[in-house]
Each structure stands twice: as C-alpha cells, then as structure tokens.
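Got your viewer open? Let's take a walk through this one together, one selection at a time.

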Amino acid sequence: MPTTIRSFLSLAAPVTRHSSLITCLLCLLLGAAAGSSAAQSRDSALTIYAAYRDGGTFTDATTGSSLPIEASGAGSISLDFGLDAKRQVQLFASRQSSQINVQQASAPSGTLPSKLPIKVTYFHIGGTNFLEGRIGRGAYVVGGLGATLFEPGADGFENELRPSMNLGLGYQLPLGERFALRFEARGYFTLVNSSGGMFCSGGCTISIKGDTISQGDVQLGLSFRF
C-alpha cells in the first residue's frame with residue numbers, strides 16, 4: 001500500500017474504528033481513486049493543513065446554559081484524486097483538541113473541572129471543483145459528507161459518532177511543478193440530535209443536549225501533486 005494512503009488511514013483510524021460502513025466506503029473509494037489517479041497524471045495530491053477552528057456549542061439539558069467548544073488549532077490531511085480536468089475526489093480527515101467550557105453546567109460542585117477536554121475528528125468523502133480552469137491553480141469549491149467523532153477526555157463520558165458534512169472555498173497557488181499552497185475556509189455541520197444523553201456512559205454527571213453543531217475554520221495547506 002502506498003505510503004500516502006497509509007498515512008491517511010492512520011489519521012482516519014479514530015473514526016473507522018467506530019464505523020464499519022465508513023471503512024467499507026473508504027476501501028471502495030480508494031480502489032476507484034487509484035484507477036483514476038493513473039489516468040490523471042499529477043491531478044492527484046496529498047495536502048497537509050494547519051488550521052484555526054472556532055464555533056460549536058452544546059446545551060445543558062437541565063438549565064439551558066450554553067456549553068461552548070473553545071476555539072483552538074487543528075490539523076487536517078486530504079488525498080485528492082483527479083476525475084477530469086477540473087474535478088477531484090477528496091478523502092479528508094481533520095482533528096481538533098479543545099475543551100468544552102462547562103462552568104455554567106448543572107453538575108454537583110466538584111464533580112467536573114471547569115473545562116472538559118474534548119477531541120473532535122471529522123472524516124469526510126467529497127470533492128473539489130476548480131472554477132478557473134484545470135486542477136491545481138486558482139479558486140475552487142470543496143465539500144464532503146461523512147462523520148464526526150467526539151471524544152471527551154474525562155471519566156464517565158463516552159465517545160459519540162454523528163453524521164456530518166463540510167462546505168468550503170479555497171485557492172491553490174502553485175509553487176513549481178509538484179508543490180502548491182492551499183488557502184481554505186470551511187464550515188462543518190454535525191447532526192447531533194440529542195435531547196440530554198450526549199456522552200452518557202452508564203450515568204450522567206451532566207446532561208448535555210444539542211441539535212446541530214456548527215464550526216468554521218481557516219486553513220493553510222502544503223500540497224504535493226503526483
């Protein structure tokens with residue numbers, strides 16, 4: 001298996017470990033993308049991003065208080081495989097380590113820290129569409145569908161996997177024949193649909209609910225075309 005695919009699967013592991021359906025879709029898409037990449041020389045790319053992400057708020061089901069996810073840095077990786085002169089299939093994974101501010105939560109005093117550590121991982125299958133000509137130069141739109149994995153970092157809380165999507169705009173600036181910079185802004189939308197049992201594992205220290213979690217980020221990526 002190529003090194004680039006192994007590195008992508010490594011980042012995606014927290015999600016695929018929780019969903020056999022996503023694993024099957026990934027394997028099928030990798031097979032199709034491998035054939036596509038052979039036909040579209042250097043219209044495929046591996047990109048590593050640094051990002052700054054903000055937004056996302058849960059709700060205390062007892063008091064109605066907002067429990068926001070704090071803004072923080074994030075890291076992302078994507079594999080893009082050329083479909084035609086303007087479009088690519090994209091496999092995208094992104095991981096954020098942050099905290100939920102639970103100071104306004106209804107939990108008994110001393111049972112929770114003021115900030116609950118949480119990791120948020122997106123894994124999406126989608127694509128890019130360049131607007132100004134061939135793949136690899138200029139503005140493009142990007143998007144994908146998949147899942148979000150929430151991983152609270154405290155005892156008594158369990159992980160939650162929810163369906164999600166992302167939409168964004170980007171600009172690619174070539175740096176020679178094989179390398180390029182990517183500037184992106186993306187929005188992420190996760191369907192939570194919980195009325196109070198979010199993260200509960202046997203019993204709940206705090207009752208968290210939510211309908212949709214929305215986040216946004218800006219990203220700078222270094223892309224290698226192959």
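**Stop 1: colour by confidence**

Select helix α1, residues 3–16, and you're at the place where confidence in the protein chain is lowest, with a mean of 50. Now jump to strand β1, residues 45–54, where confidence is highest, at 98. Keep in mind that this is a predicted model, so colouring by pLDDT is a handy way to begin. Over the protein chain the mean pLDDT is 84, and 76% of the residues reach 70 or more. Next, pick out residues 36–40: the pLDDT there is below 50, and beyond near neighbours in sequence this stretch has 8 contacts in the model.

**Stop 2: zoom out to the whole chain**

Switch to cartoon view. You should find 2 helices and 10 strands. Follow the protein chain along its sequence and both helices come before the strands, in the pattern α-α-β-β-β-β-β-β-β-β-β-β. Of the 226 residues, 47% are buried. Take the contacts between residues at least 6 apart in sequence: 67% of them join residues at least 24 apart.

**Stop 3: go inside**

Select F58, I100, F150, M198, F199 and I208 and show their side chains. They have the most contacts inside the largest nonpolar core, which has 20 residues. Strands β5 (87–101), β6 (115–130), β9 and β10 each supply at least two residues of this core. Which strand gives the most to this core? That's β6, with 4 residues.

Centre on F199 for a moment. Leaving aside residues up to four places away in sequence, F199 touches F58, I100, I118, F150, P152, G156, F157, E158, E160 and I208.

Apart from the largest core lies another one, of 7 residues. To find it, select L79, F81, L91 and F123, which are among its members.

**Stop 4: back out to the surface**

Turn on the surface display. The accessible surface of the protein chain comes to about 10100 Å², and 58% of that belongs to carbon and sulfur atoms. Now select Y171, L173, L175, F179, F183, L220, L222 and F224: together they form a nonpolar patch on the surface, with about 700 Å² of accessible area. The elements giving two or more residues to the patch are β8 (160–175), β9 (179–198) and β10 (208–225).

**Last stop: L222**

Click on L222, which sits in strand β10. Why does L222 count as partly exposed? Its relative accessible area is 45%, and partly exposed covers what lies between under 20% (buried) and over 50% (exposed).

Terms used: Residues are numbered from 1 along each chain as its sequence is written. This is a predicted model: local features need pLDDT of at least 70, side-chain atom pairs count only at pLDDT 80 or more; totals for chains, interfaces and linings use all residues. Side-chain values use heavy atoms; hydrogens and water are left out. Patches are made of residues with over 30% relative accessible area and no salt bridge: like charges are joined within 9 Å, nonpolar side chains (Val, Leu, Ile, Met, Phe, Trp, Tyr) within 5 Å. Accessible areas come from the Shrake-Rupley method with a 1.4 Å probe; for residues, only the protein chains shown count as cover. A salt bridge is a side-chain nitrogen of Lys or Arg within 4 Å of a carboxyl oxygen of Asp or Glu. Buried means under 20% relative accessible area, exposed over 50%, partly exposed in between (1.4 Å probe, protein chains only). Contact means heavy atoms within 4.5 Å. A nonpolar core is a set of buried Ala, Val, Leu, Ile, Met, Phe, Trp, Tyr and Cys residues joined through side-chain atoms within 4.5 Å. pLDDT is the predictor's confidence in each residue, from 0 to 100.
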